[in-house]
Structures are given as C-alpha cells and as structure tokens.
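Dear colleague,

I am handing over the structure below, together with some notes on one helix and two pockets that you may wish to go through with the coordinates open.

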Amino acid sequence: MKNITLLCLFCFVFIHSLCFGLPGDEHKTLLIGAAAPDFKLPGTDGKTYSLSSFKNANILVIIFTCNHCPTAQAYEDRIIKFTDDYKNKNVAVVAIMPNDPLAISLDELNYTDLGDSFEEMKIRAKEKHFNFPYLYDGKTQATANAYGPVATPHVFIFDKERKLRYEGRIDDVEKPTGTPKNTDTRNAIEALLNNKEVPVATTKVFGCSIKWSEKKDWIEKAKVEWAKEPVSVDTIDENGLKDLVKNNSGKVRLINVWATWCGPCAAEFPSFITINRMYRSRDFEFISISADEPDKKDKVLQFLQKQQASNTNYLFSNDDKYKLIEAIDSAWKGALPYTILIEPGGKIIYRNDGIIDEAALKKVIVDDKYIGRYY
C-alpha cells in the first residue's frame, strides 16, 4: 500500500511538473553560453527596441532594473557612468524594467517616490538623465520570463554573437558611497573587449525580487488587512499641537489639517493614506488634525473610518481656530487644507496651502536625510 501511495505521488509530481514546472522552477535564469532571446519592448524615449536595435554593438549589456527598489536606485548612477565610459568602445547598454506594477504593494514602495508603471519610468528616466534605453516589460513580462532575472538589478552580458558570457551583479557594494572590491560587470566587459575569457561568469545577485504577475493576490490580501486596522480620533489642545510641531519623535512627521466640511480636504485625503502606507515602516509618521467643531467628533470618526485612516488622528478641542493656526505654523494664513512636513527637532521642510501635489510630496519625503532611497 505504501509503495502504491509513493507511486501515485511520483506520478502526480511528474505530470504537474510537465504542465507547470517544478516549485521554484517557473522563472529559470538564462545559462552561460545561451543565445540572447529576442524582445520587442517600448522605451521611455518613445521608441520600440529589439535585439536588432543593437546589432552594431560588439558587446550588449542588458540590465533588469526598476524604479522602486532601493538597490536598483543605488546603482543608477553607476549604470549611467559605465554606459558613458564604454559608449565609444562599441558596448551597448539597455535597461529593462521586468516588474508587473500591479503586483507591487504600497509597503514595497517605502524607499521611493515612484512605482514601476511605464509613465513613472518616463519620469525617472528624465529626472536621472538616463543615457541608455529604459524599456518596459511589465505588461506581459515575456522578456523577463525568457531571461530569468532573480532580482533588480541583474546584469546579462552578451558577446558579438549574442551568446551569454556573464550574468550576475554589477559589483559587490550596494551603497553608492562605498568602494567595491569586485567590479564584476566591468571586469566582464573588459575581458570581452580584450578577447579574453570572463574571469567570473556568474555571481549571485542581491536586490529586490522580481514582482511577477502571480503575486497580485498579495495586493488583495494587503487590502483586507488594511481594512482590519483600527481607526480612532482623540482630542488635542493648543499645547498638544505645539508639542507635535516640536517633533521630538525621532521621525519625519507629516501633519495635515483638514475638516469634514472642506471639499478639497476630502478629495486629497486618500493621498495621505497612500503616503502613510508607503512610508510608515520607515522613520516616518502621518498625523491628521481635524479643524471641525469639538462636538463633531462622531462625524470626524466616521470620515476617518471610511478612509481607513489607521494613523494618529486628532480633533482640535477648542473652537477658536486662530489658536489652531498659531499653534501649527505662524506662516499659515488659515486656509484649509494645510500640510506641513517636519524633521526631528521641529524644522519644517515642506508647507502647502490647498491640495498637495502627491508626487512632489513623496519626493520631498524620500529625499530627506532622515528617510533616504537606500538601505
């Protein structure tokens, strides 16, 4: 009976592997010596690229990278640098973004202001002045499936015959301020330029995992968990507000003053929920302060519950709104909504009357010295 059971299990695994592959075998990395799979992908520059777009290059360097990953961001300037260093040596460099943007949870965007959508790729390419094509594979991930990158960034280097000669890391130090001991990508390029064997043909790759489409269910699970988070509101007086602005929390503190009767306040509030979910795992906190009348606490709470505002929320306990204004920021003239970003120690580094520019605020947050884009 035991042998029959084992035989049935073997048959099941064998048939399943034929149909679906073995566990962990769904996205195989291209092997050294393999031919470069062709692709047809849109670039941020408006052009469409394939292997033939680089037919005149003796060496083709393909880097799978993305916007959101802190490791990928840490290597952007180095990619720009070696693209420039080798541009006159018949070496072509192309970057491909492999992630499905819909498979990335907000808490995975905690080191960036931009996600991995094609439109956001265009913004990053423009801001960083990329000197190489930046291609989008997020719609079908067909190219990523063909090459099998395991993390971003992951480098694949092909010779003139477009045979894979190197795959792995750029170097062995993530932080841009560090000095790498092993510059594996440059070593591989130099070897091929000098008709030598690549000294190390493959390495492990440290970075953010590829966000395959099958991970989309994680996003739905996250939404369910967010909906379970408790929402509350407490009252706060003038002295309490002054303490908030002093910010002795050790965190970058985002404060938004709003009211239930304020149309622009309600319209922009979801942006703060998004920002909070992105950065709350960092040294960051979001606090909302309602300027409603003190007897409207139930109405304020209902609004916050609808928004799933599980952050810290306050209702000003005094009906004198001028005390609210002076306690928050003497530069504030009083119009709602009003938003300030405060570094530890009380320095206000961002203030905004009216509806925020969400993208601009994210950039200010992630570029602040207390937050940052890298580990």
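In this predicted model, a side-chain oxygen of Asp320 comes to within 3.1 Å of the backbone nitrogen of Tyr322, and this contact sits at the start of helix 10. Helix 10 itself covers residues 321–328, and its buried residues are Leu324, Ile325, Ala327 and Ile328. Those buried residues pack against one helix, helix 7 (238–246), and also against strand 11 (252–258), strand 12 (284–290), strand 13 (312–316) and strand 14 (338–342).

Turning to the pockets, the largest pocket has a volume of about 260 Å³, and 16 residues line it, with Pro101, Ile104, Leu106, Leu109 and Gly115 lying nearest its centre. Which helix gives the most to the lining of the largest pocket? That is helix 6 (residues 216–228), which contributes 3 residues. Sorted by class, the lining of the largest pocket holds 8 nonpolar, 3 polar and 5 charged residues.

The second largest pocket encloses about 160 Å³ of space, and its lining is made up of Asn58, Ile59, Asp159, Lys160, Arg165, Leu192, Leu193, Asn195, Lys196 and Glu197. Here the division by class is 3 nonpolar, 2 polar and 5 charged residues, with Asp159, Lys160, Arg165, Lys196 and Glu197 in the lining counted as charged.

With best regards

Technical notes. Residues numbered from 1 in each chain as written. Predicted model: local features only at pLDDT ≥ 70, side-chain atom pairs only at ≥ 80, totals over all residues. Heavy atoms only, no water. 1 Å grid on protein atoms, 1.4 Å probe; cavity = no way out; pocket = protein on both sides within 12 Å on 5 of 7 lines; lining within 4 Å. Points joined across faces, edges and corners; volume = space filled by probe spheres on them. Helix = DSSP H or I, 4+ residues; strand = E, 2+ residues; numbered from the N terminus. Buried < 20%, exposed > 50% of the residue type's maximum accessible area, 1.4 Å probe, protein only. Contact = heavy atoms within 4.5 Å. Polar contact = N/O pair within 3.5 Å; in protein donor to acceptor, adjacent residues only side chain to side chain.
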